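Thanks for passing this one along for a look. Here are my notes, set out as numbered points so that you can follow them with the structure open.

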Amino acid sequence: MSFPLLSLVHILSLYLAMCQSSSKGPQATIDHDTSTLINRKTPVSDSLPGVSPYTTQYNLSYIMGHFDPASHPDFVLIDTIHADRSGLYLHKDTYSAFRMMYKAAHNDGIQLQIRSATRNFIAQKNIWEGKWTGETLIENGQNASIAYPDPVQRATMILKYSSMPGSSRHHWGTDIDLNAFDNTWFESGNGLQLYQWLSQNASRFGFCQPYCAKGKNRPYGYEEERWHWSYMPLSQQLSQMAADSLKDSMIAGFMGSEVASQLNIVERYVLGINVECEKVPFDKLRVRK
Ligand SMILES: [Zn+2]
(Lines give C-alpha, C1' and ligand atoms only; values in the text may rest on other atoms or scores of the structure.)
Protein backbone atom coordinates (compact mmCIF):
# COMPACT_ATOMS: atom_id res chain seq x y z
CA MET A 1 0.00 0.00 0.00
CA SER A 2 1.36 3.40 -0.95
CA PHE A 3 2.08 5.95 1.73
CA PRO A 4 -0.69 8.42 0.75
CA LEU A 5 -3.33 5.67 0.79
CA LEU A 6 -2.07 4.39 4.14
CA SER A 7 -2.33 7.90 5.51
CA LEU A 8 -5.85 8.19 4.19
CA VAL A 9 -6.78 4.94 5.93
CA HIS A 10 -5.36 6.20 9.19
CA ILE A 11 -7.22 9.49 8.93
CA LEU A 12 -10.43 7.63 8.11
CA SER A 13 -9.82 5.28 11.04
CA LEU A 14 -9.37 8.15 13.44
CA TYR A 15 -12.49 9.83 12.11
CA LEU A 16 -14.52 6.64 12.48
CA ALA A 17 -13.15 6.07 15.96
CA MET A 18 -14.26 9.56 16.97
CA CYS A 19 -17.69 8.96 15.45
CA GLN A 20 -18.02 5.73 17.37
CA SER A 21 -17.19 7.28 20.69
CA SER A 22 -20.14 9.62 20.36
CA SER A 23 -22.54 7.09 18.84
CA LYS A 24 -25.10 5.04 20.67
CA GLY A 25 -27.34 2.12 19.72
CA PRO A 26 -28.37 1.65 16.08
CA GLN A 27 -26.48 4.78 15.05
CA ALA A 28 -23.29 2.88 15.84
CA THR A 29 -24.00 0.43 13.02
CA ILE A 30 -21.55 0.70 10.18
CA ASP A 31 -21.25 -0.91 6.83
CA HIS A 32 -18.49 -3.48 7.03
CA ASP A 33 -16.82 -1.95 3.99
CA THR A 34 -15.79 0.98 6.19
CA SER A 35 -14.18 -1.23 8.80
CA THR A 36 -10.66 -0.25 7.85
CA LEU A 37 -10.01 0.13 11.57
CA ILE A 38 -9.20 -3.54 11.57
CA ASN A 39 -7.08 -3.13 8.49
CA ARG A 40 -8.20 -6.42 7.03
CA LYS A 41 -7.93 -7.28 3.37
CA THR A 42 -11.54 -8.26 2.78
CA PRO A 43 -14.77 -7.73 4.71
CA VAL A 44 -15.39 -10.44 7.26
CA SER A 45 -18.83 -11.30 5.96
CA ASP A 46 -17.50 -11.98 2.48
CA SER A 47 -14.54 -14.09 3.50
CA LEU A 48 -15.66 -16.00 6.56
CA PRO A 49 -18.88 -17.94 6.62
CA GLY A 50 -20.72 -17.56 9.87
CA VAL A 51 -19.15 -14.29 10.87
CA SER A 52 -21.66 -11.45 10.88
CA PRO A 53 -20.95 -8.01 9.55
CA TYR A 54 -19.92 -5.84 12.44
CA THR A 55 -22.61 -3.88 14.18
CA THR A 56 -20.22 -1.65 16.06
CA GLN A 57 -16.74 -0.38 15.52
CA TYR A 58 -13.91 -2.45 16.86
CA ASN A 59 -11.26 -0.10 18.08
CA LEU A 60 -8.46 0.05 20.63
CA SER A 61 -10.89 0.76 23.43
CA TYR A 62 -12.68 -2.49 22.57
CA ILE A 63 -9.58 -4.66 22.40
CA MET A 64 -8.46 -3.21 25.75
CA GLY A 65 -11.73 -4.33 27.33
CA HIS A 66 -13.27 -0.95 28.03
CA PHE A 67 -16.87 -2.02 27.57
CA ASP A 68 -19.57 -3.95 29.36
CA PRO A 69 -20.33 -7.22 27.56
CA ALA A 70 -23.76 -7.32 29.20
CA SER A 71 -24.82 -4.23 27.26
CA HIS A 72 -22.73 -4.66 24.10
CA PRO A 73 -25.00 -5.32 21.08
CA ASP A 74 -22.71 -8.02 19.68
CA PHE A 75 -22.49 -10.03 22.89
CA VAL A 76 -24.77 -12.77 24.14
CA LEU A 77 -25.27 -14.46 27.49
CA ILE A 78 -23.98 -18.03 27.58
CA ASP A 79 -26.57 -20.67 28.43
CA THR A 80 -25.73 -22.49 31.66
CA ILE A 81 -25.92 -25.79 29.77
CA HIS A 82 -22.57 -24.77 28.24
CA ALA A 83 -20.94 -23.21 31.30
CA ASP A 84 -20.24 -23.82 34.97
CA ARG A 85 -22.27 -20.76 36.02
CA SER A 86 -24.56 -18.02 34.78
CA GLY A 87 -23.51 -14.50 33.85
CA LEU A 88 -20.84 -15.33 31.27
CA TYR A 89 -20.81 -13.57 27.89
CA LEU A 90 -19.27 -14.12 24.45
CA HIS A 91 -19.28 -12.38 21.12
CA LYS A 92 -22.28 -13.83 19.30
CA ASP A 93 -20.15 -15.29 16.49
CA THR A 94 -17.84 -17.02 18.94
CA TYR A 95 -20.83 -18.46 20.77
CA SER A 96 -22.48 -19.58 17.56
CA ALA A 97 -19.34 -21.49 16.59
CA PHE A 98 -18.92 -22.85 20.11
CA ARG A 99 -22.46 -24.25 20.18
CA MET A 100 -21.75 -26.22 17.02
CA MET A 101 -18.49 -27.49 18.45
CA TYR A 102 -20.23 -28.38 21.73
CA LYS A 103 -22.83 -30.43 19.87
CA ALA A 104 -20.25 -32.25 17.77
CA ALA A 105 -18.21 -33.02 20.88
CA HIS A 106 -21.31 -34.16 22.74
CA ASN A 107 -22.15 -36.56 19.90
CA ASP A 108 -18.67 -38.01 20.31
CA GLY A 109 -19.15 -38.42 24.09
CA ILE A 110 -17.09 -35.35 25.03
CA GLN A 111 -18.57 -32.84 27.46
CA LEU A 112 -17.20 -29.32 26.94
CA GLN A 113 -17.80 -26.78 29.68
CA ILE A 114 -16.94 -23.07 29.59
CA ARG A 115 -15.26 -21.99 32.82
CA SER A 116 -14.46 -18.42 31.79
CA ALA A 117 -15.33 -16.29 28.79
CA THR A 118 -15.33 -12.52 28.28
CA ARG A 119 -13.61 -10.54 31.01
CA ASN A 120 -13.48 -6.79 30.55
CA PHE A 121 -10.79 -4.45 31.86
CA ILE A 122 -12.41 -4.12 35.28
CA ALA A 123 -12.74 -7.89 35.72
CA GLN A 124 -9.12 -8.42 34.65
CA LYS A 125 -7.98 -5.61 36.97
CA ASN A 126 -9.61 -7.43 39.89
CA ILE A 127 -7.80 -10.66 39.01
CA TRP A 128 -4.45 -8.92 38.44
CA GLU A 129 -4.50 -6.73 41.54
CA GLY A 130 -5.67 -9.66 43.67
CA LYS A 131 -2.44 -11.44 42.71
CA TRP A 132 -0.36 -8.25 42.85
CA THR A 133 -1.36 -7.50 46.43
CA GLY A 134 -1.20 -11.12 47.58
CA GLU A 135 -4.91 -11.29 48.30
CA THR A 136 -5.01 -14.10 45.74
CA LEU A 137 -2.13 -16.57 45.92
CA ILE A 138 -0.22 -17.40 42.74
CA GLU A 139 1.09 -20.85 41.78
CA ASN A 140 2.65 -22.94 44.54
CA GLY A 141 0.54 -21.00 47.04
CA GLN A 142 2.88 -18.00 46.99
CA ASN A 143 1.95 -14.50 48.08
CA ALA A 144 3.51 -12.56 45.19
CA SER A 145 3.72 -9.29 47.13
CA ILE A 146 5.99 -10.97 49.71
CA ALA A 147 7.85 -13.48 47.54
CA TYR A 148 8.59 -10.95 44.77
CA PRO A 149 9.09 -7.42 46.11
CA ASP A 150 10.69 -6.37 42.83
CA PRO A 151 7.85 -5.19 40.54
CA VAL A 152 9.36 -6.65 37.34
CA GLN A 153 9.81 -10.05 38.97
CA ARG A 154 6.36 -9.93 40.54
CA ALA A 155 4.69 -9.05 37.24
CA THR A 156 6.67 -11.75 35.43
CA MET A 157 5.46 -14.38 37.89
CA ILE A 158 1.82 -13.29 37.64
CA LEU A 159 2.16 -13.18 33.85
CA LYS A 160 2.78 -16.91 33.73
CA TYR A 161 -0.98 -17.40 33.68
CA SER A 162 -2.67 -14.01 34.06
CA SER A 163 -2.78 -11.01 31.74
CA MET A 164 -2.27 -7.40 32.57
CA PRO A 165 -5.60 -5.55 32.28
CA GLY A 166 -5.95 -4.09 28.79
CA SER A 167 -3.87 -6.85 27.21
CA SER A 168 -6.01 -9.97 27.63
CA ARG A 169 -7.56 -11.92 24.78
CA HIS A 170 -10.45 -12.51 27.16
CA HIS A 171 -11.42 -8.87 26.55
CA TRP A 172 -12.25 -9.69 22.95
CA GLY A 173 -15.23 -12.03 23.34
CA THR A 174 -13.35 -14.57 21.25
CA ASP A 175 -11.57 -16.63 23.90
CA ILE A 176 -12.81 -19.25 26.33
CA ASP A 177 -11.39 -21.39 29.10
CA LEU A 178 -12.67 -24.96 29.06
CA ASN A 179 -13.24 -27.58 31.76
CA ALA A 180 -10.21 -27.25 34.07
CA PHE A 181 -7.52 -24.66 34.85
CA ASP A 182 -4.93 -27.36 35.21
CA ASN A 183 -2.72 -28.70 32.42
CA THR A 184 -2.32 -32.04 34.22
CA TRP A 185 -6.09 -32.66 34.09
CA PHE A 186 -5.74 -32.83 30.30
CA GLU A 187 -3.06 -35.53 30.54
CA SER A 188 -5.17 -38.55 31.49
CA GLY A 189 -8.68 -40.00 31.52
CA ASN A 190 -11.55 -37.72 30.51
CA GLY A 191 -9.25 -34.72 30.33
CA LEU A 192 -6.94 -36.40 27.85
CA GLN A 193 -9.87 -37.59 25.71
CA LEU A 194 -11.28 -34.08 25.68
CA TYR A 195 -7.93 -32.53 24.80
CA GLN A 196 -7.34 -35.02 22.00
CA TRP A 197 -10.81 -34.31 20.64
CA LEU A 198 -10.16 -30.55 20.67
CA SER A 199 -6.75 -30.97 19.10
CA GLN A 200 -8.27 -32.95 16.25
CA ASN A 201 -11.55 -31.11 15.79
CA ALA A 202 -11.55 -27.57 17.21
CA SER A 203 -10.08 -26.04 14.05
CA ARG A 204 -13.10 -27.25 12.07
CA PHE A 205 -15.11 -24.79 14.12
CA GLY A 206 -12.53 -22.01 14.02
CA PHE A 207 -11.00 -22.63 17.46
CA CYS A 208 -7.30 -22.91 18.26
CA GLN A 209 -5.16 -23.16 21.41
CA PRO A 210 -3.12 -19.91 21.37
CA TYR A 211 -0.98 -20.76 24.40
CA CYS A 212 0.61 -24.01 23.32
CA ALA A 213 3.76 -25.41 24.92
CA LYS A 214 6.63 -22.94 24.98
CA GLY A 215 9.50 -23.71 22.62
CA LYS A 216 11.23 -22.61 19.48
CA ASN A 217 7.98 -21.49 17.84
CA ARG A 218 6.71 -19.72 20.96
CA PRO A 219 9.64 -18.62 23.08
CA TYR A 220 7.84 -15.86 25.01
CA GLY A 221 4.56 -15.15 26.69
CA TYR A 222 2.22 -17.08 28.93
CA GLU A 223 2.83 -20.66 29.94
CA GLU A 224 0.92 -23.40 28.18
CA GLU A 225 -2.82 -23.34 28.82
CA ARG A 226 -4.60 -26.40 27.49
CA TRP A 227 -7.91 -24.98 28.63
CA HIS A 228 -7.72 -21.72 26.66
CA TRP A 229 -9.19 -21.71 23.12
CA SER A 230 -9.67 -18.83 20.74
CA TYR A 231 -12.15 -18.27 17.93
CA MET A 232 -9.69 -17.30 15.24
CA PRO A 233 -11.96 -15.81 12.55
CA LEU A 234 -12.54 -12.90 14.91
CA SER A 235 -9.51 -12.96 17.17
CA GLN A 236 -7.04 -13.01 14.30
CA GLN A 237 -8.30 -9.64 13.14
CA LEU A 238 -8.30 -8.16 16.63
CA SER A 239 -4.81 -9.51 17.06
CA GLN A 240 -3.81 -7.70 13.86
CA MET A 241 -5.28 -4.50 15.24
CA ALA A 242 -3.25 -4.96 18.42
CA ALA A 243 -0.12 -5.54 16.33
CA ASP A 244 -0.80 -2.35 14.40
CA SER A 245 -1.93 -0.01 17.13
CA LEU A 246 -1.60 -1.27 20.71
CA LYS A 247 1.48 0.05 22.53
CA ASP A 248 2.96 -0.94 25.89
CA SER A 249 2.58 2.68 27.02
CA MET A 250 -1.21 2.30 26.72
CA ILE A 251 -1.22 -0.59 29.21
CA ALA A 252 -2.02 1.45 32.29
CA GLY A 253 -4.50 2.11 35.09
CA PHE A 254 -3.68 -0.67 37.56
CA MET A 255 -1.05 -1.68 40.12
CA GLY A 256 2.22 -2.70 38.47
CA SER A 257 1.37 -1.24 35.06
CA GLU A 258 4.57 0.82 35.15
CA VAL A 259 6.59 -2.27 34.17
CA ALA A 260 4.50 -3.06 31.05
CA SER A 261 7.04 -1.51 28.67
CA GLN A 262 10.00 -3.25 30.28
CA LEU A 263 8.27 -6.59 29.81
CA ASN A 264 7.26 -6.00 26.17
CA ILE A 265 3.68 -6.90 26.96
CA VAL A 266 2.27 -6.36 23.49
CA GLU A 267 4.98 -8.17 21.58
CA ARG A 268 5.59 -11.03 24.00
CA TYR A 269 2.21 -11.60 25.60
CA VAL A 270 -0.52 -10.21 23.35
CA LEU A 271 1.14 -11.39 20.14
CA GLY A 272 3.12 -14.34 21.53
CA ILE A 273 0.75 -17.07 20.42
CA ASN A 274 0.84 -20.46 18.74
CA VAL A 275 1.86 -19.91 15.10
CA GLU A 276 -0.33 -22.86 14.09
CA CYS A 277 -3.39 -20.77 14.99
CA GLU A 278 -2.70 -18.60 11.97
CA LYS A 279 -3.29 -21.66 9.81
CA VAL A 280 -6.82 -22.49 10.92
CA PRO A 281 -8.55 -23.21 7.59
CA PHE A 282 -11.28 -20.59 7.75
CA ASP A 283 -12.56 -21.46 4.29
CA LYS A 284 -13.35 -24.97 5.47
CA LEU A 285 -15.20 -23.96 8.61
CA ARG A 286 -18.35 -25.89 9.29
CA VAL A 287 -19.88 -22.78 10.73
CA ARG A 288 -22.96 -21.62 8.87
CA LYS A 289 -25.82 -19.31 9.70
ZN1 LIG B 1 -7.99 -18.04 29.35
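1. A residue counts as buried here when its relative accessible area is under 20%, and as exposed when that area is over 50%. By that cut-off, buried residues make up 52% of the 289 residues in the chain. Please keep in mind that this is a predicted model.

2. On the overall layout, the chain has 10 helices and 6 strands. If you take the contacts with a sequence separation of 6 or more, 69% of them link residues that are 24 or more positions apart.

3. Which strands make up the open sheet, and in what order? There are 4 of them, arranged 3-4-6-5 with antiparallel pairing. Strand 3 and strand 5 (207-208) are at the edges with a single partner strand each, so one side of each has no neighbour in the sheet. As general background, strands of a sheet pair through backbone hydrogen bonds, in either a parallel or an antiparallel way.

4. Now for the pairings one by one. Strand 3 (residues 114-116) meets strand 4 in the antiparallel sense over 2 bridges, and I114 lies opposite L178 of strand 4. Strand 4 is joined to strand 6 (residues 228-231) by 3 bridges, again antiparallel, with D175 taking S230 of strand 6 as its bridge partner. Strand 5 and strand 6 are also antiparallel and share 2 bridges; there, F207 is the bridge partner of Y231 in strand 6.

5. The faces of two of these strands deserve a look. In strand 4 (residues 175-178), D175 and D177 point one way while I176 and L178 point the other way, and all are buried. Strand 6 is likewise covered on both faces: H228 and S230 are on one side, W229 and Y231 are on the other, and all are buried.

6. The zinc site will probably interest you. The zinc ion is coordinated by NE2 of H170, by D177 through OD twice, and by ND1 of H228, at 2.0 to 2.8 Å. Along the sequence, these donor residues follow the spacing H-x6-D-x50-H. Both H170 and D177 are buried.

7. Why is the zinc arrangement classed as irregular? The 4 donor atoms subtend angles of 51 to 150° around the ion, and that makes the arrangement irregular. A tetrahedral label would need all angles between 85 and 135 degrees. For reference, the ideal angle for four tetrahedral donors at a metal is 109.5 degrees.

8. S168 sits in the loop between helix 7 (151-158) and strand 4. Its relative accessibility is 1%, so S168 counts as buried. The side chain of S168 reaches the backbone nitrogen of H170 at 2.9 Å, and H170 is one of the zinc donors. Leaving out residues up to four places away in sequence, S168 touches I63, Q124 and S163.

9. W229, in strand 6, has a relative accessible area of 3% and is therefore buried. Its side chain reaches the backbone oxygen of R226 at 2.9 Å. Beyond residues up to four places away in sequence, the contacts of W229 include D175, I176 and L178, and also Y195, L198, F207 and C208. W229 and A117 are 112 residues apart in sequence, with their C-alpha atoms 10.0 Å apart in space.

10. Finally, the nonpolar cores. In the largest, which has 38 residues, the members touching the most other members are I63, W128, A155, L159, M164 and I265. Helix 3 (60-63), helix 5 (121-133), helix 7, helix 9 (232-245) and helix 10 (265-270) each supply at least two residues of this core. A second, separate core has 30 residues, among them Y95, A97, A117 and L194. Back in the largest core, W128 touches A155, L159 and M164, and its contacts also include P165, F254 and M255, not counting residues up to four places away in sequence. In soluble globular proteins, nonpolar side chains tend to be buried together.

How values were computed. Residues are numbered from 1 along each chain as its sequence is written. This is a predicted model: local features need pLDDT of at least 70, side-chain atom pairs count only at pLDDT 80 or more; totals for chains, interfaces and linings use all residues. Side-chain values use heavy atoms; hydrogens and water are left out. Buried means under 20% relative accessible area, exposed over 50%, partly exposed in between (1.4 Å probe, protein chains only). Two strands pair if DSSP finds at least two bridges between them. Donors are N, O and S atoms within 2.8 Å of the metal (3.2 Å for Na, K and Ca); water is not among the atoms, so sites may look incomplete. Four donors count as tetrahedral if all angles lie between 85 and 135 degrees; four count as square planar and six as octahedral if opposite donors are over 155 degrees apart and all others between 65 and 115; anything else is irregular. Contact means heavy atoms within 4.5 Å. A polar contact is a pair of N or O atoms within 3.5 Å; within protein, one must be able to donate a hydrogen and the other to accept it, and residues adjacent in sequence count only if both atoms are side-chain atoms. A nonpolar core is a set of buried Ala, Val, Leu, Ile, Met, Phe, Trp, Tyr and Cys residues joined through side-chain atoms within 4.5 Å.
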